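Got your viewer open? Set the display to cartoon and keep the selection box handy.

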Amino acid sequence: MNPIISAAELAHELAGPTPPVLLDVRYRLGGPHGRPEYEAGHLPGAVFVDLDAELAGPPGAGGRHPLPDVVAFGAVMRRAGISAGTPVVVYDGDKGWGAARAWWMLRWAGHDDVRVLDGGLAAWTGPLETAVPAPKEGTFEPKPGALPLLDADEAAATARDGLLLDARAGERYRGEVEPLDPVAGHIPGAVSAPTTENVDAEGRFLAPEQLAARFRALGAGGTDRAVGVYCGSGVSAAQQAVALELAGFRPALYAGSWSEWSNDPDRPVATGPERG
């Protein structure tokens, strides 16, 4: 299934016999909470999902946004009205990170029919509403493991033997700045691949062939070469995972990402522009 959907396609499906469940995952790193923006106007019928509280567990040794408790995640999705086979569309209002995290979580938990609104809320030209819906409880039961997931050791092995992409801004990868985590730099052997280069000026994903060319130039390709992705805390890396799937690759996500890696003093750190 295509991991993204255009605003025009979404409008058509919402008017059809089986409209998708809409999840509003507005999230901005270090910014204001997304709930007030949701309440000020959201796609008709959309349910707000709190990335920090519902798509992540408490911060700690596993990073700033570790995966949430699977049982609790399942309950959140059921409250949103999701059952097995329910089509789902996720969106946010910024860089696509929040929506992609929800997409990845649902896919990882075994729900295939989920897509990201390409371009996010800005791409939507239809009406918005302020009413908070009360959907009928769904029956979704998560079955984790449908997408590949890396721990720290597996991420290191992917950087050494395959291709590990660092989705953060280039200056963080190079170790020039580090605004959030205790150590600056990157996982040795990882390749810099900022998420900003996956989308155009309007925030829409590049065409699949353009994304495929980008990732091949970074070293992806070949049936036996594993591809992994990480970022600061496993959020923007999910947007990279969407782009990689559009390009025809099956990436593994290191959910703990740099926020986990850099908090372990025994793990090596590389700096500079070159692959370590």
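Here is a short walk through two sheets and one tryptophan.

Before you click anything, keep in mind that this is a predicted model.

**Stop 1: the sheet that holds S1 to S5.** Select these five strands together and you get an open sheet with parallel pairing, in the order S1-S5-S4-S2-S3. Now look at its edges: S1 and strand S3 (47–48) each have a single partner strand, so one side of each is left without a neighbour in the sheet.

**Stop 2: S1 against S5.** Select residues 4–5 for S1 and residues 114–117 for S5; the two strands run parallel and are joined by two bridges. To see one pairing up close, pick Ile5 and look across to Leu117, its bridge partner in S5.

**Stop 3: S5 against S4.** Keep S5 on screen and add residues 88–91, which are strand S4; this pair is also parallel, with three bridges. Which residue of S5 is the bridge partner of Val89? Click on Arg115 and you have found it.

**Stop 4: over the helix.** Add residues 97–108, helix H5. With S4 and S5, helix H5 forms a β-α-β unit, and the unit is right-handed.

**Stop 5: Trp104.** Stay on helix H5 and select Trp104, which lies in it. Is Trp104 buried or exposed? Its relative accessibility is 2%, and the cut-off for buried is under 20%, so Trp104 counts as buried. Show the residues around Trp104, skipping neighbours within four places in sequence: the contacts are Leu67, Leu147, Pro148, Leu149, Ala238, Ala241 and Leu253. For a distance back to Stop 3, put a ruler between the C-alpha atoms of Trp104 and Arg115; the separation is 9.7 Å, and the two residues are 11 apart along the chain.

**Stop 6: the sheet that holds S6 to S10.** Two of the places just mentioned lead on from here: Leu149 and Leu253 are both among the contacts of Trp104, and strand S6 covers 149–150 while strand S10 covers residues 252–254. Select S6 to S10 and you see an open sheet of five strands with parallel pairing, ordered S6-S10-S9-S7-S8. At its edges stand S6 and strand S8 (191–192), each with a single partner strand, so one side of each has no neighbour in the sheet.

**Last stop: S6 against S10.** Zoom in on these two strands, which run parallel and share two bridges. Finish on Leu150, whose bridge partner in S10 is Tyr254.

Definitions and conventions: Residues are numbered from 1 along each chain as its sequence is written. This is a predicted model: local features need pLDDT of at least 70, side-chain atom pairs count only at pLDDT 80 or more; totals for chains, interfaces and linings use all residues. Side-chain values use heavy atoms; hydrogens and water are left out. Two strands pair if DSSP finds at least two bridges between them. Helices (H or I, at least four residues) and strands (E, at least two) are DSSP runs, numbered from the N terminus. A crossover is right-handed if, with the strands pointing away from the viewer, the path from the first strand over the helix to the second runs clockwise. Buried means under 20% relative accessible area, exposed over 50%, partly exposed in between (1.4 Å probe, protein chains only). Contact means heavy atoms within 4.5 Å.
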